Structure formats: structure tokens, C-alpha cells
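Visitor: I'd like to learn how to read a chain like this one, going from the overall fold down to single residues. Could you walk me through it?

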Amino acid sequence: MSSETTKIPGSNPSGGDLRLSNASLGRLPAQIRRPGYDRSRITPGIVHLGIGAFHRAHQAVVIDDLIASGATDWGIVGASLRNSDTRDALAPQDFLYTVAVRSGAGTDHRIIGSVLDVEAAKENSTHLIARMTNPATRIVSLTVTEKGYCHTPQTGDLDQHHPDIVHDLRNPGVPRSVPGILVAALTRRRNSGTAPFTVLCCDNLSANGHTVGRIVAQFAALRSRGLAKWIEAEVAFPSTMVDRIVPETTDLDRAEVSSALGMIDAWPINTEPFTQWVVEDRFPAGRPDFAAVGVQMVSDVAPFEHMKLRLLNASHSALAYLGYLAGHETIAATMTDRRFAAFARQVMQDAAPTLAMPDGTDLTGYSASLLQRFSNPALHHRTWQIAMDGSQKLPQRLLGTMQDRLRLGLPIDTHALAVAGWMRYVTAKDERGRAIDVRDPLAPKLAAIAEAAGPVAERLAPALLEVGSIFGALGADPRMHSAVAEALAKLYALGARQAVQTFRPV
Ligand code: CS2
């Protein structure tokens with residue numbers, strides 16, 4: 001779930017300055033799929049917080065499919081919580097944008113019309129909250145990344161000392177955190193006798209719906225017990241498993257899309273052909289017929305979510321840290337080295353015994369398809385992008401598996417090498433001594449620990465394992481200590497490429 005950082009290109013590479021918009025749709029090349037429906041008849045039924053690249057390549061495409069099939073007339077009002085660049089880029093385009101689906105076979109361009117408007121919450125949270133309070137809003141969905149929930153990743157509890165939470169408790173009328181914004185809107189709905197919306201978390205958290213429900217109720221309890229009780233009793237937080245690989249959009253992507261369109265799209269997305277959405281079917285305020293366009297509606301998302309976090313995201317993070325250290329810029333480049341591909345497969349194989357899947361689930365086939373997706377040569381998915389926010393990702397991607405394997409009496413050395421990769425990465429120096437731009441809410445703390453310990457595995461590993469918000473009780477387990485310290489020593493002695501090569505699962 002990335003945010004675009006590069007500038008909007010000022011001109012169309014094919015010459016003109018025609019911009020994608022409702023008025024210019026008819027001038028697109030014939031083969032480009034576009035909304036065939038009347039957008040003026042779509043009403044905002046969904047408010048989405050965190051309208052980054054992932055949402056626009058995933059949920060917004062599903063809603064576009066649903067509108068096109070006549071199954072719903074609910075559109076999306078998106079909100080950016082931190083900046084206004086998405087709104088600024090999409091507003092002149094009537095919020096239309098291109099999804100470029102890239103694979104070795106070529107690129108397929110499609111224009112998405114399900115986003116009706118974008119709010120910049122930092123400029124005007126009151127307007128966003130009014131939208132969420134409107135009875136027409138039935139679902140508030142979220143992709144705000146792991147760190148957006150202001151919680152402690154290891155326990156899943158609200159971090160009451162988070163600066164945004166402290167701010168929102170003091171200024172409940174102008175909240176800036178996700179729990180603060182949700183509670184402000186829910187409070188208004190409660191006060192006006194409007195039924196609550198359903199909160200649909202689409203981030204890669206463990207038990208994401210349940211976790212977000214708890215965080216929101218904990219925040220509400222700091223304001224009023226009655227409010228917290230009402231939220232617990234009345235608001236549904238269904239869990240979801242979301243999956244689509246969506247790398248950050250680059251200037252090159254923008255230029256390619258604008259040239260294919262023959263007009264400027266300042267804010268396109270590029271992604272892979274694969275997409276999956278598994279949703280717990282609990283929507284008391286109503287929902288579109290998601291299943292009509294291939295969404296899997298289930299009563300329990302947990303097995304799918306574990307499978308995805310522990311196979312896909314775990315091996316993704318392992319490839320990101322170790323691949324970056326070995327000098328690979330992208331996941332696809334890392335995968336061209338067979339040693340890394342074999343290591344990723346081993347991460348998946350080791351997670352398998354910790355999963356309880358419905359009968360008939362083909363984990364071997366699933367793993368093989370993941371390896372293929374990671375190898376997509378048309379996706380420039382940077383190892384650096386996935387390496388971001390490791391402190392928020394490690395627990396649900398790697399540590400849960402390690403805990404379960406220890407409980408089962410199984411070795412943990414595969415995952416220990418991935419954790420060691422993260423440890424070496426957060427020292428902010430790569431194998432050649434060059435600085436790494438570590439992006440993580442805990443980066444300063446991690447850097448201070450690394451500085452004090454020095455590049456010595458026997459000191460660095462135990463010092464980082466003591467960070468309780470990441471490792472919890474697992475950090476004190478002697479088996480964890482020895483496995484991680486050994487893996488880190490190997491990384492320092494041999495470098496990532498060799499460490500992965502010499503890796504032999506016990
Ligand atoms: C990635 C995910 O950036 C990351 O941490 O592992 O965004 C991954 O691409 C998606 O979860 C795939 O569905």
C-alpha cells in the first residue's frame with residue numbers, strides 16, 4: 001500500500017495536453033476499457049480512508065465492476081489522511097484514473113470510474129466526518145497501512161501514547177488519527193440516531209477486523225464508557241484478506257500510460273493480473289453484492305488471512321530485506337537469483353504446518369503461484385518499498401509462525417534468517433557500508449540500539465529482540481535468541497547472498 005512520491009508530469013509525451021476526464025473519455029483509443037455507465041447516477045455509499053495505490057487497484061476496481069454490472073450504484077468517496085496530492089491529481093480528471101495491468105505478456109489499460117471524490121482530511125477533517133455521518137454512507141473501508149492504526153503490533157492494543165492519539169483525545173472535534181476519525185463520525189451518528197456504518201479494514205493486520213474493532217473501542221473508552229459499549233454492541237468490523245501486488249507508480253509508468261491513452265493521466269496505478277478479496281460476511285448496514293464479481297464471502301476469514309500473511313507477506317519481507325542487502329533493487333530481480341527463490345519457497349514451506357486450512361486447500365499450488373507472481377518481470381516492485389515499516393509487519397508476517405513452530409517443536413532457522421535480515425537492514429548500513437534510508441516509525445529507536453550494539457551479532461540480536469512492541473515474549477525465548485544470533489552472525493560473516501546459499505533447513 002504505497003503512496004506516490006514523484007511529481008505530476010506537466011505534459012503528454014504524445015504531444016498534446018488533453019487530460020483524462022469525463023469529457024475526454026470518448027477520445028480514448030477504442031481498445032481501452034472505460035466506464036460504460038452513467039457516472040452521474042452513482043451515489044456515495046462507501047467512504048474509503050487511505051486512498052493510496054492499493055485501494056485504487058483493488059477495492060475500487062471491484063466496485064467499478066459492480067457498478068458496470070448493474071449490481072450496485074454505490075460509489076466511493078476517498079480520503080487521504082496525510083496529504084492532498086491524490087485529490088489534487090485526480091480532481092481535474094473527474095477522479096478517473098487508469099489501472100495498468102502489467103505482466104510478461106504485455107500491459108492492459110483500463111479506466112476506473114468508481115471514485116467520485118477525494119477528501120484531504122488534513123485540510124478539512126470536518127468535511128470528511130460530515131461525509132461519514134451522512135446516512136447514505138454504509139461502509140467506511142480502510143487501507144491506511146499497518147502503522148495507521150496507532151496500535152502496538154505485538155499486542156494489537158491501542159497505543160495511548162501515540163502523539164496522534166494524545167492529540168485526538170484533547171481535540172476530539174478535529175481528529176487526525178484513524179481511531180479518532182472513526183470515533184468522531186460514529187459518535188455523531190449515535191447522537192443523531194443514525195445506524196452506524198460498517199468498518200471494513202483492508203490492511204495486512206492479523207484478524208484485521210477484530211483488531212481494528214478493539215482499537216476503536218479502546219479509543220472510545222478513553223472518552224466515554226457508554227460510547228465504547230455502544231461501539232462494541234452496534235458496529236460491525238468484518239475481517240478481510242486482500243491481495244494484489246501494487247508497486248509505487250513511477251514517472252516512467254505515468255509516461256507509458258499517458259502515451260497508451262493519447263492523453264494525460266497524472267495518477268495512474270500499475271499492478272499485476274492477480275487479485276483476490278476474501279470478506280467476512282457481516283454488514284448490518286447493507287452491502288453491494290460483492291460475490292457477483294468474484295469476491296469470496298465467507299464466515300471466517302482467519303485461515304485465508306494467515307495463509308496470505310504467512311506465505312505471501314512473510315516471503316515478500318524476507319526477499320525485501322535479504323534481497324536489498326544483496327544489492328537487488330526489485331523483488332523480480334531478487335527472484336532471478338535461484339538461491340533467493342529457493343529461500344522464499346522455504347519460508348512458505350516452513351509456515352505451512354502452522355496453518356489450519358479448509359479441506360482441499362492446495363498450499364503447494366498457492367506457493368508456486370506466489371513465486372511466479374514475485375517473478376513478474378513487468379513489475380518494478382522495489383525491495384526498499386516492502387522493507388518499509390518492518391516493526392509493524394514482523395509480528396504477523398514472521399513472528400507468529402516462529403512462535404507456532406517452537407510450540408510444535410520445529411526448528412525456526414529459516415525465519416530467523418529473515419528476522420536477521422531485518423536486523424541488519426535497520427542498522428541503516430548495507431553490506432558495502434552505504435547508508436540505507438530506513439523508513440519505520442521506530443527507526444530512531446532502532447538506530448540507537450544498533451549504534452550502541454555495533455555490528456556484532458551476539459550484541460545486536462539480543463538488543464533488538466528486547467523491543468517488546470515487536471517481539472513480545474518471543475524476544476525472551478532462548479531458542480529465539482540462539483537462532484537469530486546465529487543467523488545474524490552468518491549474515492555478517494558471509495553477506496546475504498552467501499547466507500541464503502549456505503542455508504540448509506534442518
Ligand atoms: C507488501 C504488500 O509492501 C508490502 O509490505 O508485502 O504490500 C504486498 O504486496 C501485498 O500485501 C500483496 O497483496
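Guide: We'll start with the whole chain and then stop at a few residues. Keep in mind that this is a predicted model.

Visitor: Fine. How many helices and strands does the chain have?

Guide: Secondary structure is a good first inventory. Here the chain comes to 21 helices and 13 strands. Next, check the overall spread: the radius of gyration is 23 Å, close to the 23 Å that the globule rule gives for 506 residues, so the chain is as compact as a globular protein of that length. Along the principal axes, the C-alpha atoms fill a box of roughly 60 × 60 × 45 Å.

Visitor: What share of the residues counts as buried?

Guide: For burial you look at relative accessible area, and under 20% is called buried. By that cut-off, 58% of the 506 residues are buried. The surface that remains comes to about 19400 Å², with carbon and sulfur atoms supplying 51% of it.

Visitor: And what share of the contacts links residues 24 or more positions apart?

Guide: This one tells you about sequence separation. Take the contacts with a separation of 6 or more: residues 24 or more positions apart account for 78% of them.

Visitor: How many positive and negative side chains are there, and how far apart are the centres of the two sets?

Guide: With charges, you count each sign and then compare where the two sets are centred. This chain has 51 positive and 50 negative side chains, and their centres lie 2 Å apart.

Visitor: Let's zoom in. Where is Thr330 found, and is it buried or exposed?

Guide: For any residue, I'd ask about its element, its cover and its partners. Thr330 sits in the loop between helix 10 (302–325) and helix 11 (331–335). Its relative accessible area is 7%, which means Thr330 is buried. A polar atom of the Thr330 side chain lies 3.0 Å from the backbone nitrogen of Ala333. Once neighbours within four places in sequence are set aside, Thr330 contacts His380, His381, Arg382 and Thr383.

Visitor: Let me try the same recipe on another threonine. Which residues does Thr211 touch?

Guide: Place it before listing partners: Thr211 is in helix 7, residues 208–223. At 9% relative accessibility, Thr211 counts as buried. Not counting residues up to four places away in sequence, Thr211 touches His151, Gly156 and Ser206.

Visitor: What about a loop residue such as Val295?

Guide: Val295 is in the loop between strand 12 (276–280) and strand 13 (296–298), and with 6% relative accessible area Val295 is buried. Leaving out neighbours within four places, its contacts are Val62, Trp277, Val279 and Phe290.

Visitor: Now one that isn't buried. How does Ala378 compare with the cut-offs?

Guide: Between 20% and 50% a residue is called partly exposed. Ala378 has 29%, so it is partly exposed. Ala378 belongs to the loop between helix 13 (363–374) and helix 14 (383–387), and it touches Arg102, Ser103 and Gly104, again not counting residues up to four places away. The C-alpha atoms of Ala378 and Gly106 are separated by 7.9 Å, though the two residues are 272 apart along the chain.

Visitor: How far apart in space are Asp413 and Asp350?

Guide: Set sequence distance beside spatial distance again. Asp413 and Asp350 are 63 residues apart in sequence and 9.6 Å apart in space, C-alpha to C-alpha. Asp413 itself lies in helix 16, residues 413–426, and is partly exposed at 23% relative accessible area.

Notes: Residues are numbered from 1 along each chain as its sequence is written. This is a predicted model: local features need pLDDT of at least 70, side-chain atom pairs count only at pLDDT 80 or more; totals for chains, interfaces and linings use all residues. Side-chain values use heavy atoms; hydrogens and water are left out. Helices (H or I, at least four residues) and strands (E, at least two) are DSSP runs, numbered from the N terminus. The radius of gyration is taken over C-alpha atoms; the globule rule is 2.2 Å times the number of residues to the power 0.38. Buried means under 20% relative accessible area, exposed over 50%, partly exposed in between (1.4 Å probe, protein chains only). Contact means heavy atoms within 4.5 Å. Accessible areas come from the Shrake-Rupley method with a 1.4 Å probe; for residues, only the protein chains shown count as cover. Lys and Arg count as positive and Asp and Glu as negative; His and the chain ends are not counted. The place of a charge is taken as NZ of Lys, CZ of Arg, CG of Asp or CD of Glu. A polar contact is a pair of N or O atoms within 3.5 Å; within protein, one must be able to donate a hydrogen and the other to accept it, and residues adjacent in sequence count only if both atoms are side-chain atoms.
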